[in-house]
Amino acid sequence: MHHALRLARRGLGNVWPNPAVGCVLVSKGRVVGRGWTQPGGRPHAERVALDQAGAEARGATAYVTLEPCAHHGRTSPCAEALVAAGIARVVTAHTDPDPRVAGRGHAILRAAAIEVTEGVAESDARALQSGFLSCVARGRPFVTLKLASSFDGRIATSQGESRWITGPAARVHVHAMRLQHDAIMVGGGTARADLPQLNVRGFGPVRQPVRVVLTSRPLPELPDEGPEHGPLWQLSGTPAAVMAELAARGLTRVFCEGGGQLAAGLIAADVVDQLVGYTAGLVLGRDGRPSIGALDLPRLSDAPRFHLVESRAVGPDIFHRWLRA
(Lines give C-alpha, C1' and ligand atoms only; values in the text may rest on other atoms or scores of the structure.)
Protein backbone atom coordinates (compact mmCIF):
# COMPACT_ATOMS: atom_id res chain seq x y z
CA MET A 1 0.00 0.00 0.00
CA HIS A 2 2.84 2.39 0.73
CA HIS A 3 4.19 1.78 -2.77
CA ALA A 4 0.72 2.59 -4.13
CA LEU A 5 0.69 5.80 -2.08
CA ARG A 6 4.04 6.85 -3.53
CA LEU A 7 2.64 6.28 -7.00
CA ALA A 8 -0.51 8.25 -6.17
CA ARG A 9 1.58 11.26 -5.12
CA ARG A 10 2.74 11.61 -8.73
CA GLY A 11 -0.79 12.70 -9.63
CA LEU A 12 -0.99 15.64 -7.22
CA GLY A 13 -1.60 18.82 -9.19
CA ASN A 14 -2.20 16.85 -12.38
CA VAL A 15 -5.50 15.02 -12.04
CA TRP A 16 -8.12 17.49 -10.78
CA PRO A 17 -11.08 17.23 -10.39
CA ASN A 18 -10.29 13.55 -9.76
CA PRO A 19 -8.43 12.22 -6.72
CA ALA A 20 -4.79 11.17 -7.06
CA VAL A 21 -4.90 7.37 -6.75
CA GLY A 22 -2.23 4.68 -6.92
CA CYS A 23 -2.64 0.96 -7.63
CA VAL A 24 -0.21 -1.97 -7.33
CA LEU A 25 -1.02 -5.51 -8.49
CA VAL A 26 0.84 -8.36 -6.79
CA SER A 27 0.82 -12.01 -7.88
CA LYS A 28 2.85 -14.77 -6.18
CA GLY A 29 4.95 -12.22 -4.34
CA ARG A 30 5.81 -10.23 -7.47
CA VAL A 31 4.54 -6.87 -8.71
CA VAL A 32 2.88 -7.50 -12.07
CA GLY A 33 1.28 -4.11 -12.63
CA ARG A 34 1.26 -0.63 -11.19
CA GLY A 35 -0.33 2.66 -12.10
CA TRP A 36 -1.46 6.05 -10.96
CA THR A 37 -4.19 8.40 -12.16
CA GLN A 38 -2.98 10.07 -15.33
CA PRO A 39 -2.97 13.82 -16.11
CA GLY A 40 -6.46 15.19 -16.53
CA GLY A 41 -7.88 12.36 -14.43
CA ARG A 42 -7.99 9.55 -17.04
CA PRO A 43 -7.22 6.73 -17.22
CA HIS A 44 -7.61 5.76 -13.58
CA ALA A 45 -4.83 4.06 -11.64
CA GLU A 46 -6.53 0.64 -11.67
CA ARG A 47 -6.93 0.68 -15.45
CA VAL A 48 -3.26 1.58 -15.97
CA ALA A 49 -2.13 -1.23 -13.65
CA LEU A 50 -4.46 -3.79 -15.25
CA ASP A 51 -3.28 -2.91 -18.74
CA GLN A 52 0.32 -3.34 -17.62
CA ALA A 53 -0.36 -6.70 -15.95
CA GLY A 54 -2.42 -8.19 -18.76
CA ALA A 55 -3.19 -11.88 -18.16
CA GLU A 56 -1.06 -11.87 -15.00
CA ALA A 57 -3.78 -9.86 -13.24
CA ARG A 58 -5.89 -13.03 -12.86
CA GLY A 59 -5.62 -14.25 -9.28
CA ALA A 60 -3.59 -11.19 -8.18
CA THR A 61 -4.09 -8.87 -5.20
CA ALA A 62 -4.78 -5.21 -5.97
CA TYR A 63 -3.61 -2.55 -3.52
CA VAL A 64 -5.54 0.66 -4.19
CA THR A 65 -5.28 3.92 -2.24
CA LEU A 66 -9.02 4.66 -2.62
CA GLU A 67 -12.12 2.53 -3.09
CA PRO A 68 -12.43 1.71 -6.83
CA CYS A 69 -15.04 3.82 -8.58
CA ALA A 70 -18.50 2.38 -9.21
CA HIS A 71 -20.07 4.94 -11.55
CA HIS A 72 -20.09 5.11 -15.33
CA GLY A 73 -18.44 8.16 -16.89
CA ARG A 74 -16.10 8.36 -19.85
CA THR A 75 -14.95 4.86 -18.89
CA SER A 76 -16.53 1.87 -17.17
CA PRO A 77 -16.18 1.59 -13.37
CA CYS A 78 -12.82 0.44 -12.05
CA ALA A 79 -14.57 -1.98 -9.70
CA GLU A 80 -16.05 -3.77 -12.70
CA ALA A 81 -12.68 -3.75 -14.48
CA LEU A 82 -11.06 -5.47 -11.49
CA VAL A 83 -13.79 -8.11 -11.52
CA ALA A 84 -13.43 -8.70 -15.27
CA ALA A 85 -9.65 -9.06 -14.94
CA GLY A 86 -10.04 -11.90 -12.43
CA ILE A 87 -8.51 -10.10 -9.44
CA ALA A 88 -8.78 -12.35 -6.36
CA ARG A 89 -8.33 -9.80 -3.57
CA VAL A 90 -8.56 -6.02 -3.26
CA VAL A 91 -6.94 -4.04 -0.43
CA THR A 92 -8.02 -0.39 -0.12
CA ALA A 93 -6.99 2.47 2.13
CA HIS A 94 -10.48 3.91 2.64
CA THR A 95 -13.98 4.30 1.24
CA ASP A 96 -14.59 6.92 -1.44
CA PRO A 97 -16.97 9.53 0.07
CA ASP A 98 -18.19 10.63 -3.37
CA PRO A 99 -21.96 9.92 -3.32
CA ARG A 100 -21.61 8.17 -6.68
CA VAL A 101 -19.35 5.58 -5.01
CA ALA A 102 -19.62 5.60 -1.19
CA GLY A 103 -19.25 1.85 -0.68
CA ARG A 104 -20.71 0.74 -4.01
CA GLY A 105 -17.28 -0.11 -5.40
CA HIS A 106 -16.56 -2.42 -2.47
CA ALA A 107 -20.04 -3.93 -2.85
CA ILE A 108 -19.42 -4.76 -6.55
CA LEU A 109 -16.19 -6.52 -5.61
CA ARG A 110 -17.74 -8.53 -2.79
CA ALA A 111 -20.71 -9.50 -4.96
CA ALA A 112 -18.19 -11.07 -7.36
CA ALA A 113 -16.70 -13.12 -4.47
CA ILE A 114 -13.56 -10.98 -4.36
CA GLU A 115 -12.00 -10.68 -0.91
CA VAL A 116 -11.93 -7.03 0.19
CA THR A 117 -9.78 -5.57 2.98
CA GLU A 118 -10.38 -1.93 3.92
CA GLY A 119 -8.58 0.68 6.02
CA VAL A 120 -4.93 -0.16 5.28
CA ALA A 121 -2.70 2.94 5.75
CA GLU A 122 -5.91 4.98 5.91
CA SER A 123 -4.46 8.04 7.66
CA ASP A 124 -1.64 8.33 5.10
CA ALA A 125 -4.10 7.99 2.23
CA ARG A 126 -6.45 10.61 3.67
CA ALA A 127 -3.58 13.05 4.06
CA LEU A 128 -2.57 12.47 0.44
CA GLN A 129 -6.15 12.90 -0.81
CA SER A 130 -6.95 15.85 1.46
CA GLY A 131 -7.92 18.07 -1.46
CA PHE A 132 -10.42 15.65 -2.96
CA LEU A 133 -11.85 14.84 0.48
CA SER A 134 -12.17 18.53 1.34
CA CYS A 135 -14.17 19.21 -1.82
CA VAL A 136 -16.55 16.33 -1.13
CA ALA A 137 -17.02 17.03 2.59
CA ARG A 138 -16.73 20.84 2.78
CA GLY A 139 -17.37 22.08 -0.73
CA ARG A 140 -14.00 23.82 -0.99
CA PRO A 141 -10.40 22.92 -1.90
CA PHE A 142 -7.63 22.13 0.54
CA VAL A 143 -5.86 25.47 1.02
CA THR A 144 -2.13 25.94 1.62
CA LEU A 145 -0.90 29.40 2.63
CA LYS A 146 2.78 29.90 1.83
CA LEU A 147 4.88 32.64 3.40
CA ALA A 148 8.54 33.47 2.71
CA SER A 149 9.70 35.89 5.36
CA SER A 150 12.57 37.29 7.35
CA PHE A 151 13.30 36.02 10.86
CA ASP A 152 11.01 38.73 12.23
CA GLY A 153 8.10 37.85 9.93
CA ARG A 154 8.51 40.51 7.21
CA ILE A 155 7.98 39.86 3.50
CA ALA A 156 9.48 43.11 2.17
CA THR A 157 11.37 46.21 3.23
CA SER A 158 9.53 49.42 3.98
CA GLN A 159 10.03 50.35 0.30
CA GLY A 160 8.54 47.08 -0.94
CA GLU A 161 11.76 45.29 -1.94
CA SER A 162 11.30 41.53 -1.55
CA ARG A 163 13.55 39.79 -4.11
CA TRP A 164 15.03 37.76 -2.68
CA ILE A 165 14.50 37.25 1.05
CA THR A 166 15.07 33.51 0.80
CA GLY A 167 17.75 31.71 -1.17
CA PRO A 168 17.76 29.70 -4.43
CA ALA A 169 17.18 26.34 -2.70
CA ALA A 170 14.01 27.63 -1.05
CA ARG A 171 12.74 28.97 -4.37
CA VAL A 172 13.25 25.58 -6.03
CA HIS A 173 11.40 23.98 -3.14
CA VAL A 174 8.50 26.39 -3.65
CA HIS A 175 8.22 25.32 -7.29
CA ALA A 176 8.09 21.70 -6.15
CA MET A 177 5.23 22.65 -3.80
CA ARG A 178 3.44 24.48 -6.62
CA LEU A 179 3.74 21.36 -8.76
CA GLN A 180 1.58 19.43 -6.26
CA HIS A 181 -1.29 21.94 -6.31
CA ASP A 182 -4.03 22.57 -8.85
CA ALA A 183 -3.85 26.36 -8.63
CA ILE A 184 -1.68 29.24 -7.41
CA MET A 185 -3.54 32.19 -5.90
CA VAL A 186 -2.42 35.75 -5.17
CA GLY A 187 -4.20 38.96 -4.33
CA GLY A 188 -4.64 41.83 -6.74
CA GLY A 189 -2.06 43.97 -4.95
CA THR A 190 0.65 41.35 -5.42
CA ALA A 191 -0.33 40.83 -9.06
CA ARG A 192 -0.06 44.56 -9.79
CA ALA A 193 3.16 45.14 -7.84
CA ASP A 194 5.14 42.07 -8.88
CA LEU A 195 3.60 40.89 -12.19
CA PRO A 196 4.27 37.32 -11.06
CA GLN A 197 4.44 34.41 -13.49
CA LEU A 198 2.56 32.08 -11.12
CA ASN A 199 3.85 28.93 -12.79
CA VAL A 200 6.13 25.96 -12.21
CA ARG A 201 9.66 26.32 -13.54
CA GLY A 202 12.65 24.03 -13.51
CA PHE A 203 10.77 20.70 -13.69
CA GLY A 204 10.45 20.28 -17.45
CA PRO A 205 7.10 20.11 -19.27
CA VAL A 206 4.36 19.81 -16.65
CA ARG A 207 0.65 20.45 -16.38
CA GLN A 208 0.77 24.05 -15.18
CA PRO A 209 -1.45 25.09 -12.26
CA VAL A 210 -4.34 27.46 -12.82
CA ARG A 211 -3.43 31.06 -12.00
CA VAL A 212 -6.00 32.68 -9.71
CA VAL A 213 -6.02 36.37 -8.81
CA LEU A 214 -8.47 37.48 -6.15
CA THR A 215 -9.45 41.06 -7.00
CA SER A 216 -12.38 43.14 -8.20
CA ARG A 217 -10.21 45.71 -9.99
CA PRO A 218 -8.75 45.42 -13.51
CA LEU A 219 -5.48 43.55 -13.71
CA PRO A 220 -2.29 44.54 -15.51
CA GLU A 221 -1.03 42.25 -18.23
CA LEU A 222 0.49 39.20 -16.60
CA PRO A 223 2.90 36.96 -18.55
CA ASP A 224 1.29 35.49 -21.68
CA GLU A 225 -0.56 32.21 -21.49
CA GLY A 226 0.96 29.20 -23.20
CA PRO A 227 2.30 25.77 -22.33
CA GLU A 228 4.44 27.37 -19.64
CA HIS A 229 1.45 29.11 -18.00
CA GLY A 230 -1.88 27.80 -16.76
CA PRO A 231 -5.24 29.55 -17.38
CA LEU A 232 -5.73 32.88 -15.65
CA TRP A 233 -8.88 33.23 -13.55
CA GLN A 234 -9.76 36.60 -12.04
CA LEU A 235 -12.28 36.18 -9.24
CA SER A 236 -13.83 38.46 -6.65
CA GLY A 237 -15.89 37.91 -3.55
CA THR A 238 -15.33 36.70 -0.03
CA PRO A 239 -12.64 34.07 0.51
CA ALA A 240 -15.30 31.50 1.37
CA ALA A 241 -17.30 32.25 -1.78
CA VAL A 242 -14.20 32.16 -3.97
CA MET A 243 -13.13 28.81 -2.54
CA ALA A 244 -16.60 27.39 -3.18
CA GLU A 245 -16.36 28.64 -6.77
CA LEU A 246 -12.95 27.02 -7.24
CA ALA A 247 -14.32 23.71 -5.97
CA ALA A 248 -17.28 24.01 -8.34
CA ARG A 249 -14.78 24.40 -11.19
CA GLY A 250 -13.03 21.21 -10.12
CA LEU A 251 -9.98 22.47 -8.19
CA THR A 252 -9.03 20.42 -5.14
CA ARG A 253 -5.72 21.94 -3.93
CA VAL A 254 -4.91 25.67 -3.90
CA PHE A 255 -1.50 27.18 -3.10
CA CYS A 256 -1.84 30.78 -1.88
CA GLU A 257 1.14 33.13 -2.17
CA GLY A 258 0.99 36.80 -1.21
CA GLY A 259 0.27 39.23 -0.06
CA GLY A 260 -0.35 40.12 3.53
CA GLN A 261 -3.95 41.22 3.06
CA LEU A 262 -4.90 38.05 1.19
CA ALA A 263 -3.24 35.96 3.90
CA ALA A 264 -5.16 37.77 6.63
CA GLY A 265 -8.42 37.43 4.73
CA LEU A 266 -8.00 33.69 4.24
CA ILE A 267 -7.10 33.11 7.87
CA ALA A 268 -9.96 35.27 9.12
CA ALA A 269 -12.36 33.32 6.89
CA ASP A 270 -11.08 30.06 8.41
CA VAL A 271 -10.26 28.48 5.04
CA VAL A 272 -6.54 27.83 5.57
CA ASP A 273 -5.73 24.15 6.14
CA GLN A 274 -1.95 24.27 5.95
CA LEU A 275 0.76 26.86 6.56
CA VAL A 276 4.05 26.55 4.70
CA GLY A 277 6.83 28.86 5.78
CA TYR A 278 10.30 29.65 4.50
CA THR A 279 12.21 31.69 7.08
CA ALA A 280 15.44 33.47 6.22
CA GLY A 281 18.19 34.53 8.59
CA LEU A 282 17.81 38.26 8.13
CA VAL A 283 15.93 40.93 10.08
CA LEU A 284 13.96 43.76 8.44
CA GLY A 285 12.55 45.52 11.48
CA ARG A 286 9.21 47.00 12.41
CA ASP A 287 9.08 49.20 9.30
CA GLY A 288 9.25 46.14 7.05
CA ARG A 289 6.01 44.89 5.55
CA PRO A 290 4.36 42.17 7.67
CA SER A 291 3.73 38.73 6.20
CA ILE A 292 0.11 38.79 7.40
CA GLY A 293 -2.17 41.81 7.65
CA ALA A 294 -4.29 42.81 10.64
CA LEU A 295 -6.54 40.12 12.10
CA ASP A 296 -8.11 42.14 14.96
CA LEU A 297 -7.69 39.44 17.58
CA PRO A 298 -8.25 40.93 21.05
CA ARG A 299 -7.67 37.61 22.83
CA LEU A 300 -4.98 34.99 22.31
CA SER A 301 -7.65 32.31 22.48
CA ASP A 302 -9.18 33.73 19.29
CA ALA A 303 -6.06 33.02 17.24
CA PRO A 304 -6.27 29.94 14.95
CA ARG A 305 -3.89 27.20 16.00
CA PHE A 306 -1.74 25.05 13.74
CA HIS A 307 0.54 22.17 14.73
CA LEU A 308 4.01 21.55 13.34
CA VAL A 309 4.36 18.46 11.13
CA GLU A 310 7.68 19.14 9.38
CA SER A 311 10.72 21.38 9.80
CA ARG A 312 14.13 21.27 8.12
CA ALA A 313 16.85 23.33 6.52
CA VAL A 314 16.52 24.20 2.83
CA GLY A 315 19.81 25.79 1.84
CA PRO A 316 20.46 28.63 4.30
CA ASP A 317 16.74 28.94 5.15
CA ILE A 318 14.31 26.99 7.32
CA PHE A 319 11.26 25.25 5.83
CA HIS A 320 8.38 24.53 8.21
CA ARG A 321 4.93 23.07 7.54
CA TRP A 322 1.94 23.33 9.88
CA LEU A 323 -1.52 21.77 9.72
CA ARG A 324 -4.68 23.25 11.18
CA ALA A 325 -5.18 21.92 14.69
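Which residues does G103 touch, not counting residues up to four places away in sequence? G103 touches E67, T95 and D96, where contact means heavy atoms within 4.5 Å. This is a predicted model, in which local features need pLDDT of at least 70, side-chain atom pairs count only at pLDDT 80 or more, and totals for chains, interfaces and linings use all residues. Residues are numbered from 1 along each chain as its sequence is written, and side-chain values use heavy atoms, with hydrogens and water left out.

G103 sits in the loop between β4 (89-92) and α4 (104-111). The names of such elements follow a rule: helices (H or I, at least four residues) and strands (E, at least two) are DSSP runs, numbered from the N terminus. G103 counts as partly exposed because its relative accessibility is 27%. On this scale buried means under 20% relative accessible area, exposed means over 50%, and partly exposed lies in between, with a 1.4 Å probe and protein chains only. The C-alpha atom of G103 is separated by 53 Å from that of L282, a residue 179 places apart from G103 along the chain.

Now take the chain as a whole. Its secondary structure comes to 10 helices and 15 strands. The protein chain is as compact as a globular protein of 325 residues, because its radius of gyration is 22 Å, close to the 20 Å that the globule rule gives for that length. The radius is taken over C-alpha atoms, and the globule rule is 2.2 Å times the number of residues to the power 0.38. Along its principal axes the C-alpha trace spans about 70 × 40 × 40 Å.

Of the 325 residues, 49% count as buried. Among contacts between residues at least 6 apart in sequence, 70% join residues at least 24 apart. The accessible surface of the chain is about 15000 Å², and carbon and sulfur atoms hold 53% of this area. Accessible areas come from the Shrake-Rupley method with a 1.4 Å probe; for residues, only the protein chains shown count as cover.

Helix α6 (residues 130-138) offers an example of buried residues: S130, G131, F132, L133, S134 and C135. The buried residues of α6 pack against two helices, α5 (122-128) and α9 (239-248), and two strands, β6 (142-149) and β11 (253-257). After α6 comes G139, with a positive phi near 70°.

Strand β9 (residues 210-214) is mostly covered, with five of its five residues buried. On one side are V210, V212 and L214, on the other R211 and V213, so that both faces are covered. β9 pairs with strand β8 (residues 183-187) in the parallel sense over five bridges; two strands pair if DSSP finds at least two bridges between them. Within this pairing, G187 has L214 of β9 as its bridge partner.

Antiparallel pairing appears further along the chain, around β15 (residues 317-324). Strand β12 (residues 274-279) is joined to β15 by six bridges, and the two run antiparallel. Here Q274 stands opposite L323. Strand β14 (residues 306-314) also runs antiparallel to β15, with eight bridges between them. One bridge partner pair is V314 and D317, the latter in β15. β14 and β15 form a hairpin with two residues between them, and G315 in the turn has a positive phi of about 65°.

Some backbone angles remain to be described. Most residues other than glycine have a negative phi, and most peptide bonds are trans. K28 has a positive phi of about 55° although it is not a glycine. K28 lies in the loop between β1 and β2, and it counts as exposed because its relative accessibility is 86%. D270, another residue other than glycine, has a positive phi near 60°. The place of D270 is the loop between α10 (260-268) and β12, and D270 is partly exposed, with a relative accessible area of 44%.

Where are the cis peptide bonds that involve P17 and P43? One runs from W16 to P17, with omega near 10°, and P17 is in the loop between α1 (2-9) and β1 (22-27). Another runs from R42 to P43, with omega near -10°. P43 belongs to the loop between β2 (30-36) and α2 (45-53).
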